[in-house]
Amino acid sequence: MEYKVSPSMLASDYSRLADELKKCENGGADLIHLDVMDGHFVPNISIGAPVIKAMKRVCEVPFDIHLMISEPLKYIEDFVDAGADIISFHVECDSDVSETIDKILSCGCKAALAVKPNTPIETVYPYLDRLSMVLVMTVEPGFGGQSFMEGVMPKITELRRKCPELDIQVDGGINTQTVKIAREAGANVFVAGSAVFKSDDPARTIQELKN
């Protein structure tokens with residue numbers, strides 16, 4: 001099992017994005033996690049495709065884009081064009097899930113499904129044969145800096161039992177302590193925002209999370 005760390009740019013200093021991306025790249029990050037929020041699916045608004053496209057020009061680490069938006073199908077081409085390597089969208093969204101996965105794959109990008117803490121993990125099962133990853137939220141989506149919800153772990157364990165080779169990502173409240181709980185449950189891709197960007201030594205923190 002390969003363990004990966006995907007620093008969440010939501011916790012970075014947006015006035016110094018190029019420097020923050022370089023910090024992740026030099027620190028050995030496996031992915032860059034980019035949260036896209038529309039103010040409708042979640043009660044917050046963040047960056048969009050134009051900003052991500054600019055970021056891609058100064059970073060070689062693969063972009064892991066998490067769409068927290070109501071109608072992801074409408075915007076897949078925009079985010080692929082912006083530089084997405086893998087696109088996660090929510091099974092709870094308003095777009096047709098199967099059609100959205102097909103659109104991502106047809107654009108040459110990897111597809112992933114995300115589930116909120118209270119959504120049964122079984123909702124992703126019909127689509128597993130087309131997914132590269134499942135993102136299990138360990139906080140309610142929409143805001144950074146929330147506390148890790150350990151009660152979500154049985155969902156991860158169940159999914160790992162069903163799919164031994166699948167990348168299972170956790171997002172929310174991940175730090176050098178909670179990462180151990182998520183890893184024991186079966187997760188192998190860890191989104192970390194505050195833990196990385198508020199660290200005195202981000203490179204060391206990334207390696208601690210990975211190891």
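**Exercise 1. Find where Lys-53 lies, and work out how open its surroundings are.**

Step 1. Start with the address: helix H2, which runs over residues 49-56, holds Lys-53. Keep in mind that this is a predicted model.

Step 2. Now the accessibility. Lys-53 comes out at 38%, so it counts as partly exposed, given that this class sits between 20% and 50%.

Step 3. Look for partners further along the chain. Setting aside residues up to four places away in sequence, Lys-53 touches Asp-81 and Ala-82.

Step 4. Check a C-alpha distance in that stretch. Gly-83 is 30 residues from Lys-53 in sequence, yet the two C-alpha atoms are 6.0 Å apart in space.

**Exercise 2. Work out which side of helix H4 is buried, and what covers it.**

Step 1. Pick out the buried residues. In H4 (residues 97-106) these are Val-97, Thr-100, Ile-101 and Ile-104.

Step 2. Ask how they are spread around the axis. Their arc is only 100°, so they sit on the same side of H4.

Step 3. Recall the helix rule behind this. An α-helix has 3.6 residues a turn, so residues three or four places apart point the same way.

Step 4. See what lies over that side. The cover includes helix H3 (76-82), strand E4 (84-90) and E5.

Step 5. Finish with the two ends. At the start of H4, a side-chain oxygen of Asp-96 comes to within 3.2 Å of the backbone nitrogen of Ser-98. Just after H4, Gly-108 has a positive phi of about 80°.

**Exercise 3. Do the same for helix H6, starting from Thr-178.**

Step 1. Thr-178 belongs to H6, residues 178-185. Is Thr-178 buried or exposed? At 13% relative accessibility, Thr-178 is buried.

Step 2. Look at what Thr-178 meets. A polar atom of its side chain lies 2.8 Å from the backbone nitrogen of Asn-175. Not counting residues up to four places away in sequence, Thr-178 touches Phe-148 and Gly-173.

Step 3. Widen the view to the helix. Thr-178, Val-179, Ala-182 and Ala-185 are buried in H6. They span an arc of only 125° around the axis, so they are on the same side of H6.

Step 4. Name the packing partners. The buried residues of H6 pack against helix H5 (153-162), strand E7 (167-171), strand E8 (189-192) and H8.

Step 5. Step past the end of the helix. Gly-186 follows H6, and its phi is positive, near 130°.

**Exercise 4. Place Thr-205 in helix H8 and describe its setting.**

Step 1. H8 covers residues 202-210, with Thr-205 among them. A relative accessible area of 6% makes Thr-205 buried.

Step 2. Find its polar partner. The side chains of Thr-205 and Ser-199 make a polar contact at 2.7 Å.

Step 3. Add the other contacts. Beyond its neighbours within four places in sequence, Thr-205 is in contact with Ala-195, Val-196 and Ser-199.

Step 4. List the buried residues of H8: Pro-202, Thr-205, Ile-206, Leu-209 and Lys-210. They take up an arc of only 135° around the axis, so they share the same side of H8.

Step 5. Find the cover. It includes strand E1 (4-7), helix H1 (17-26), H6, E8 and helix H7 (194-197).

**Exercise 5. Compare two loop residues, Lys-116 and Cys-163.**

Step 1. Lys-116 is in the loop between strand E5 (110-115) and strand E6 (133-137), while Cys-163 is in the loop between H5 and E7.

Step 2. Lys-116 is partly exposed at 23% relative accessibility, but Cys-163 is buried at 13%.

Step 3. For Lys-116, contacts outside its neighbours within four places include Phe-41, His-90, Glu-92 and Lys-155. Its C-alpha is 7.7 Å from that of Thr-138, 22 residues away in sequence.

Step 4. For Cys-163, the C-alpha of Tyr-125 is 9.9 Å away, with their positions 38 residues apart along the chain.

**Exercise 6. Describe the second largest pocket by volume and lining.**

Step 1. Its volume is about 150 Å³.

Step 2. The residues lining the second largest pocket include Lys-4, Leu-31, Asp-85, Lys-110 and Asp-167.

Step 3. Sorted by class, its lining has four nonpolar, one polar and four charged residues.

Key: Residues numbered from 1 in each chain as written. Predicted model: local features only at pLDDT ≥ 70, side-chain atom pairs only at ≥ 80, totals over all residues. Heavy atoms only, no water. 1 Å grid on protein atoms, 1.4 Å probe; cavity = no way out; pocket = protein on both sides within 12 Å on 5 of 7 lines; lining within 4 Å. Points joined across faces, edges and corners; volume = space filled by probe spheres on them. Nonpolar A, V, L, I, M, F, W, Y, C, P; charged D, E, K, R; others polar. Helix = DSSP H or I, 4+ residues; strand = E, 2+ residues; numbered from the N terminus. Buried < 20%, exposed > 50% of the residue type's maximum accessible area, 1.4 Å probe, protein only. Polar contact = N/O pair within 3.5 Å; in protein donor to acceptor, adjacent residues only side chain to side chain. Contact = heavy atoms within 4.5 Å. Arc of directions from axis to C-beta.
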